[in-house]
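Me: I would like to learn how to read a few features of a protein model. Could you take me through them one by one?

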Amino acid sequence: MDLKSLIRDVPDFPKEGVIFKDITLLLQNPSALEETTNALIKLLNGQKVDKVVGMESRGFIFGPMLANRLNAGFVPIRKPGKLPSTTLSETYNLEYGTDTLEIHKDAIVKGEKVLVHDDVLATGGTANAACKLIERLGGEIVQCNFLIELTFLAGSSKINEYSVQSLLKY
């Protein structure tokens, strides 16, 4: 199946000059969902995973599906104030300003093997912040995997100390 044919470009979203990769057509297709999930798992090459971490909000789509298939737990990383228990936070730089992510302090046990998943790797700031949070909790990152990588933004350079795998590259 040509998964790229189910991803449409939306110009000037969420702001002028940005071409947004919209995956809703892929999500509406049960066969594409199945094929995408299987392909993302195949990128792991059989590595053991205890937890799958997904970043708000698009990491919440395939992240839980991957966790289910891998017989692993799912851990959400969210924007500040969205998690109900005690959290750790990590602030990172954006092109104009900063942003912050949070994780529950008890979400990962020292030594657990962690798969970091997000649907899009763009500039790498979010993924890098997530990796820092996971490592502060003692997790061992086995891989960072993405449905889409926007290679022209060179986001993988911010997380190149880890195995980075992307299903589709633009």
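Me: How many aromatic pairs does a search of the whole structure find?

Reply: First, the general idea: a pair of aromatic rings is described by the distance of the centres and the angle of the planes. This is a predicted model, and searching the whole of it turns up 2 aromatic pairs. In one of them, the ring centres of F13 and F20 are 5.1 Å apart and the planes stand at 80°, so this pair is edge-to-face.

Me: Are F13 and F20 buried or exposed?

Reply: In between, as it happens. F13 has a relative accessible area of 42%, so it counts as partly exposed. F20 is partly exposed too, at 24% relative accessibility.

Me: Which residues form the other aromatic pair?

Reply: Those are F60 and F74, again edge-to-face, with 6.0 Å from centre to centre and 90° between the planes. This pair links distant parts of the chain: F60 sits in helix α3 (residues 59-69) and F74 in strand β4 (residues 73-77), 14 residues apart. F60 is partly exposed at 25% relative accessibility, and F74 is partly exposed at 28%.

Me: What lies over the face of Y170?

Reply: Here you look for a charged side chain above a ring. K4 lies over the face of Y170, 4.5 Å from the ring centre. K21 also lies over the face of Y170, at 3.9 Å from the ring centre.

Me: Now for cysteines. How many disulfides does the structure hold?

Reply: A disulfide is a covalent bond between the sulfur atoms of two cysteines. This structure holds 0 disulfides. C131 is in none, and the nearest cysteine sulfur to it, that of C144, is 3.6 Å away.

Me: Why is there no bond between C144 and C131?

Reply: Because their sulfurs are 3.6 Å apart, which is too far for a bond; the cut-off for a disulfide is 2.5 Å. C131 is buried, at 0% relative accessibility, and C144 is likewise buried at 0%.

Me: Let us finish with a serine. Where does S166 lie?

Reply: You will find S166 in strand β9, which covers residues 164-169. With a relative accessible area of 11%, S166 is buried.

Me: Which side chain has a polar contact with that of S166?

Reply: The side chain of E149 does, and the polar contact is 2.7 Å long. To see the surroundings, set aside the neighbours within four places in sequence: S166 is then in contact with L43, F146 and E149.

Conventions. Residues are numbered from 1 along each chain as its sequence is written. This is a predicted model: local features need pLDDT of at least 70, side-chain atom pairs count only at pLDDT 80 or more; totals for chains, interfaces and linings use all residues. Side-chain values use heavy atoms; hydrogens and water are left out. Buried means under 20% relative accessible area, exposed over 50%, partly exposed in between (1.4 Å probe, protein chains only). Helices (H or I, at least four residues) and strands (E, at least two) are DSSP runs, numbered from the N terminus. A polar contact is a pair of N or O atoms within 3.5 Å; within protein, one must be able to donate a hydrogen and the other to accept it, and residues adjacent in sequence count only if both atoms are side-chain atoms. Contact means heavy atoms within 4.5 Å. Rings of Phe, Tyr and Trp (its six-membered ring) pair if their centres lie within 6.5 Å; planes under 30 degrees apart count as stacked, over 60 as edge-to-face and the rest as tilted. A charge sits over a ring if NZ of Lys or CZ of Arg is within 6 Å of the ring centre and within 35 degrees of the ring normal.
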